[in-house]
Number of protein chains: 2
Amino acid sequence: MPLNKLLRDGDNEDLAEERRKATFDTDEMAAIIWEGKERVRRRREITKKVNEYTELHDPYCQAFMTRHEEVENAARKITKMFSLIDKLGVNPTNAADMAHLTSEVIGLYGHPLALHAVMFIPSLQAQCADDQMHWLKKAMSRQIIGTYAQTELGHGTNLRKLETTATHDANTQEFVLHSPTRTAMKWWPGNLGKSANHAVVVACLIIDGKNYGPHNFIVPLRDPETHMPLKGITVGDIGPKMATGPVDNGFLSFDHYRIPRTNMLMKHAKVTPEGKYIPPAHAKVGYSAMVHVRSHMISDQAKFLAQALTTAIRYSAIRRQGEIQPGDGEVKILEYQTQQYRLLPQLARAYAFSFTGRAVRDLYLRVQKDVAKGKVDEMAELHYITSGLKAVVTHLTGEGISQARMSCGGHGYSKASNMPDLYGIAVADCTYEGENMVMLQQLARYLMRAAGEAEKGRALGRLVNYLVEPSDIHSSIDRQLDYDYKAHLKAFDKAAKLQVMKAYERMRALKAQGLSEEDAWNANAVELNRAARVHTRQYIAHQFYEQVSSVTDGRCREVPRDLLHLHLNYEILDMAYYLLEDGFLSGQQMDYMKEDMYRLLAKLRPNAVSLVDSWDISDHELRSVLGRRDGHVYENLYKWAQESELNRTQVLPTFEKYLKPMMMEAHAQSKL
Amino acid sequence: MPLNKLLRDGDNEDLAEERRKATFDTDEMAAIIWEGKERVRRRREITKKVNEYTELHDPYCQAFMTRHEEVENAARKITKMFSLIDKLGVNPTNAADMAHLTSEVIGLYGHPLALHAVMFIPSLQAQCADDQMHWLKKAMSRQIIGTYAQTELGHGTNLRKLETTATHDANTQEFVLHSPTRTAMKWWPGNLGKSANHAVVVACLIIDGKNYGPHNFIVPLRDPETHMPLKGITVGDIGPKMATGPVDNGFLSFDHYRIPRTNMLMKHAKVTPEGKYIPPAHAKVGYSAMVHVRSHMISDQAKFLAQALTTAIRYSAIRRQGEIQPGDGEVKILEYQTQQYRLLPQLARAYAFSFTGRAVRDLYLRVQKDVAKGKVDEMAELHYITSGLKAVVTHLTGEGISQARMSCGGHGYSKASNMPDLYGIAVADCTYEGENMVMLQQLARYLMRAAGEAEKGRALGRLVNYLVEPSDIHSSIDRQLDYDYKAHLKAFDKAAKLQVMKAYERMRALKAQGLSEEDAWNANAVELNRAARVHTRQYIAHQFYEQVSSVTDGRCREVPRDLLHLHLNYEILDMAYYLLEDGFLSGQQMDYMKEDMYRLLAKLRPNAVSLVDSWDISDHELRSVLGRRDGHVYENLYKWAQESELNRTQVLPTFEKYLKPMMMEAHAQSKL
């Protein structure tokens, strides 16, 4: 029995050869990635069910659909999925099962009920008062379809400047929703355009002329029978985007639109029937939800990257191009060091991000328990580190997918690879849920506070302990292999400390030049972002190290260690600037690390396919002709292309309409 | 009269304010970018004509079209453009006028005659023997539509392994074209799928069982009357790609398809009626065409980047978000140092790439004259540097567009910004016309030869002179401003020299360990690519310096110098690794350069809008709601969105089909 469990008779021989070389059990590695054998078993059970129910499949590849067809296809599949949920054996309250089921049925592209599940229901859960739970009940059972409308045409990041108003009318006990300007129009909310008939709307609460800032309201948008927009509501689709064609991101404006007072979500802040405003008990109740969403994003990004690498590495094992030794025949492109260098450090990152996402989620769960007991200090710290992680991981994942796509040459550019959409969907995360530059600035604020404390010899928190720990003047990294990686981790600590303190001191210098706190901050923003990035990469390195150290399975120990080792070398070389500048690492030490890195590329290469196979992403979920498990790429590229929308007829109308007249006229002219 | 000539009454005031701050004349800068006032005048004349002829416009934004509609729309416009060519006042043989006209009418997205002009006609020009000129005549007058079919499903880079065969049949004086395997299928040629009825096909010439390698044949593919594929021909569209929807990239296979012997293009190699093969007089006739195409790519990429920055910088001047000084009101996002850092070094690159593209083109023209006189040595050198430039410039441009897109926040993700397509089209160049990794390896071969010569004290050529020039041990860069930039250029030379020699010495060390030349090369490939990259960036820095030094116009001198200065600092900091490692630059010197860079960001910021305005890209050509000259973004985003394909009805069929039944059923269930 081979150690790679994805090997089957009849597979492309080049790919089979790779799988026979596995030095670890891919099922055991899958259990490490997905946190337990039981989860792997459930994933596969769900995949099998989805394969059986052909009603849940696409009639043909989504890439060949018009946007209308995409929207309709996604609506068909998602409603079908819910109606079959019992037969599929999935409990809708099991988040992990639902996530995998949706991924199998829908893929990455979104659907008309996406925001309903991800934003509408959680908003109601978090903000409905006891007597408002009927809204939640209706949402949970899908009697209504909702979304969450916060972002406006003119404002995304700076929520305090949202322009939509909800003005209390004491006479009628109503709120009057209004969009006073063009930029006040709600813009971007998913499924707002055509699908939702309700929304949780964020609007500035105004009572007796006083603005109490953004609050949440539940708002009916469309007639339940006809789905026509209600009077006073203008709503529609904002048009196509870089990816996610099936999602109807929407616009929404209000013309003095009235809702009952009781449609304000009143779990926290309240407005009494008399029009009296009662503020929430705790000011910062929002942190928890943001942290939760962002910690999920880390794991999602890891999976995006793993998907791209599954395609790129499998394809690199079946694509033969060029010879290394003349006359020895063309080699698999995975033999080229440049290809290994493009893919394997990215693979290490996919593992690193996955382990980090898990660590942050566990931390979140622990901190949440503390918060329930009234201990809130760690929540802020967690908020800052998830901000940094969100920015760094989404950025590096985008770059990694882009490299993976290009490593597939021309075929990676075809939608048959699924790489273009994967890229388009993954990079959206760089922008939403907090634009990356803003996220880094948030973490930087925490780091500057920490640097101030460190100067006084005090540690602000566990995450910035390295600022007060004594650090060596020179690294102890040398030519000998250092299998506990402590010297590497120290280099990360050192790099973070150097840049955090550098940004801190530059801040002080700018203020000494007479700049105000705010102007100095802006004049220092690039250095501050650097500090936030290095700090975050230090955090990822430590998490990766911790998680790999905890792997006890004998056969699965060595390969993750090699991945970790590759990651540490690759990242330190990438951040060499900070360490060389200070003299902590010498050029010679960098050379040792480089040699080590090249050695690790060669060492990991025979397990490359097995390391992506371990992510256990099914063909149905991957939706990539290049990344098929069986490696039969070329014949299936041809099959795929034959279904292209342009191949439905041999001759397009364009010929008779435009091309033939042009040629005939030219021909006639030539006879003159 | 303001110095920025794009200022108009009624413009968005935030943008107008920027334009009033210009310290140089944008028309004069445009003349520098486009090489003369006359070219700027012609560009504007053509733009104006295209604006007048509404038949050349899109009925609505291409983003809302199905792929069928895109193809048809492009065919309509391009045939109309040719039939109006006299009225438009454009001479079809004027390459610069035609390029601008096509860009205005078509944009970046391609059309059914794209390959006809770019590949088919040039192939015939280069390879038709005197008695084959009737093909060229038919092509030039558009009596036939052609493309160039080289790449196969299984082979792109390694042309020697192309599988399509053209077997000579002495009895009939014909060639039999055949695709012996699935991977032999031609795959990717633009316009092959549905538009072309002829192709120049690359196939291995076989005479009496002997394979003479790839040769070119002119091949009819479709019936001129019906456009149906001819017997023995299988042809179709390969399906949608990352971008370029209107282009029907195609597949093509031959089943013992016969063409006359005279359809082999015989300007160079020949096959006589008796079946005797006559080889070409010169073996490497291909260099020249490749160099020509790649030097064009540099200029194209510069323009792609300038387009992205035109959108991003104008938008950054009208988008207000967040306050710097609390209470002072929201600021233009261009005020943030992070935003300046994202955009201004990229703007410097757009100028650098544009100047470099021009320098390489001029060098090409000079070298071509030498070649005509029998002096061929510089052509090889030019071939290597264009290989490196192609790889480095396409990669950096992709990254730059991506940053520009993300700097627009959410709206950059909308197709209204045109950023997604711009990115998709620009990055295609990373892969075609020589995959980037392969390109770098080609340049590295030259550099290793140069390093070998340098070791012996000899310079191989002008481009690698720095290898033999004595170089300082430490950089003279210091806190004082150094306006002749010589110290900066020396740092580039030094970085290139260090890495080239490092790769060379590592090569020797690997061979000393017993590796064959080929295996050592592969084990050193990453270091070799690094050498090629640093060398290329050194080349760009020098070209930028040369061209800026040649600007004599007084008012237009300072700003390009500041851009150059920013570029030099930014790039050296980005390549700091090489220089810190060796001790050539100290950490303190790096800090000086950083401070200088931050100072330059602030200094260039007031001219940022004028620096993109100078590229003189019309609204019609830019096709970006965010990048409109007048800055009226928000109201036009709303106008744009209203035309979205999903807004043609208030209620989509999806509601009655899927969403309403789901909600009704849930409602009924809730009553039980």
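**Exercise 1. An open sheet in chain A**

In which sense do S4(A) and strand S8 (residues 250-254) of chain A pair, and over how many bridges?

*Solution.* Keep in mind as you work that this is a predicted model.

Step 1. Look at the two strands side by side: S4(A) and S8(A) pair in the antiparallel sense, and two bridges hold the pairing. One bridge partner to look for is A:Leu252 in S8(A), which goes with A:Lys186.

Step 2. Now widen the view. The pair belongs to an open sheet of three strands in chain A, ordered S4-S8-S7, with antiparallel pairing. Strand S4 (186-187) and strand S7 (233-237) of chain A each have a single partner strand and stand at the edges, so one side of each has no neighbour in the sheet.

**Exercise 2. Strand S5 of chain B and its partners**

Find the strands that pair with S5(B), and describe how each pairing runs.

*Solution.* Step 1. Begin with the strand itself. S5(B) spans residues 198-207 and is mostly covered, with 10 of its 10 residues buried.

Step 2. Take the parallel partners. Strand S1 (residues 146-149) of chain B runs parallel to S5(B) and is joined to it by four bridges. In that pairing, B:His198 of S5(B) is the bridge partner of B:Gly146. Strand S2 (residues 165-169) of chain B is also parallel to S5(B), joined by three bridges. To spot this pairing, look for B:Ala166 opposite B:Leu205 in S5(B).

Step 3. Turn to the antiparallel partner. Strand S6 (residues 210-220) of chain B pairs with S5(B) in the antiparallel sense over nine bridges. Here B:Ile207 stands opposite B:Lys210 in S6(B).

Step 4. Follow the chain from S5(B) into S6(B). The two strands form a hairpin with two residues between them, and B:Asp208 in the turn has a positive phi of about 50°.

**Exercise 3. Two loop residues with positive phi**

Are B:Arg142 and B:Asn191 buried or exposed? Locate each one as well.

*Solution.* Step 1. B:Arg142 lies in the loop between helix H7 (133-140) and S1 of chain B. Its phi is positive, about 65°, although B:Arg142 is not a glycine.

Step 2. The cut-off for buried is under 20% relative accessible area. B:Arg142 has 18%, so B:Arg142 is buried.

Step 3. B:Asn191 sits in the loop between strand S4 (186-187) and S5 of chain B. Phi of B:Asn191 is also positive, near 65°, in a residue other than glycine. With a relative accessibility of 0%, B:Asn191 counts as buried.

**Exercise 4. A helix pair in chain B**

At what angle do helix H4 (residues 67-83) of chain B and helix H5 (residues 95-106) of chain B pack?

*Solution.* Step 1. The angle between the two helices is about 145°, and their axes are 10 Å apart. The crossing of H4(B) past H5(B) is right-handed.

Step 2. Pick out the residues that meet. From H4(B) come B:Ala74, B:Lys77, B:Ile78, B:Met81 and B:Phe82, while H5(B) brings B:Met98, B:Leu101, B:Thr102, B:Val105 and B:Ile106. Sorted by class, this contact has eight nonpolar residues, one polar and one charged.

**Exercise 5. An annotated residue and its surroundings in chain A**

Where does UniProt place the feature "active site", and which residues are in contact there?

*Solution.* Step 1. The UniProt record, an unreviewed entry, places this feature at A:Glu433. A:Glu433 is in the loop between helix H11 (419-431) and H12 of chain A, and its relative accessibility of 28% makes it partly exposed.

Step 2. Leave aside the neighbours within four places in sequence. A:Glu433 is then in contact with A:Met119, A:Val293, A:Arg294, A:Met297, A:Lys390 and A:Met439.

Step 3. Move along to A:Arg445, found in helix H12 (residues 436-455) of chain A. A:Arg445 is partly exposed, at 46% relative accessibility. The C-alpha atoms of A:Arg445 and A:Glu433 are separated by 18 Å, with the residues 12 apart along the chain.

**Exercise 6. Two annotated domains**

What share of residues 25-145 of chain A is helix, and what share is strand? Then do the same for residues 486-663 of chain A.

*Solution.* Step 1. An unreviewed UniProt entry labels residues 25-145 of chain A "domain: Acyl-coenzyme A oxidase N-terminal". The stretch is 62% helix and 0% strand, and its end C-alpha atoms are 44 Å apart.

Step 2. For residues 486-663 of chain A, the unreviewed UniProt annotation reads "domain: Acyl-CoA oxidase C-terminal". This span is 74% helix and 0% strand, with end C-alpha atoms 72 Å apart.

Key. Residues are numbered from 1 along each chain as its sequence is written. Chains are lettered from A and ligands numbered from 1 in the order in which they are written. This is a predicted model: local features need pLDDT of at least 70, side-chain atom pairs count only at pLDDT 80 or more; totals for chains, interfaces and linings use all residues. Side-chain values use heavy atoms; hydrogens and water are left out. Buried means under 20% relative accessible area, exposed over 50%, partly exposed in between (1.4 Å probe, protein chains only). Axes are lines fitted to C-alpha atoms, for helices over the stretch in contact, and angles run from 0 to 180 degrees between N-to-C directions. A crossing is left-handed if the near helix is turned anticlockwise from the far one by less than a right angle, and right-handed if clockwise. Contact means heavy atoms within 4.5 Å. Ala, Val, Leu, Ile, Met, Phe, Trp, Tyr, Cys and Pro count as nonpolar, Asp, Glu, Lys and Arg as charged, and the others, Gly among them, as polar. Two strands pair if DSSP finds at least two bridges between them. UniProt positions are given in the numbering used here, feature names are shortened, and annotations may be inferred rather than shown by experiment.
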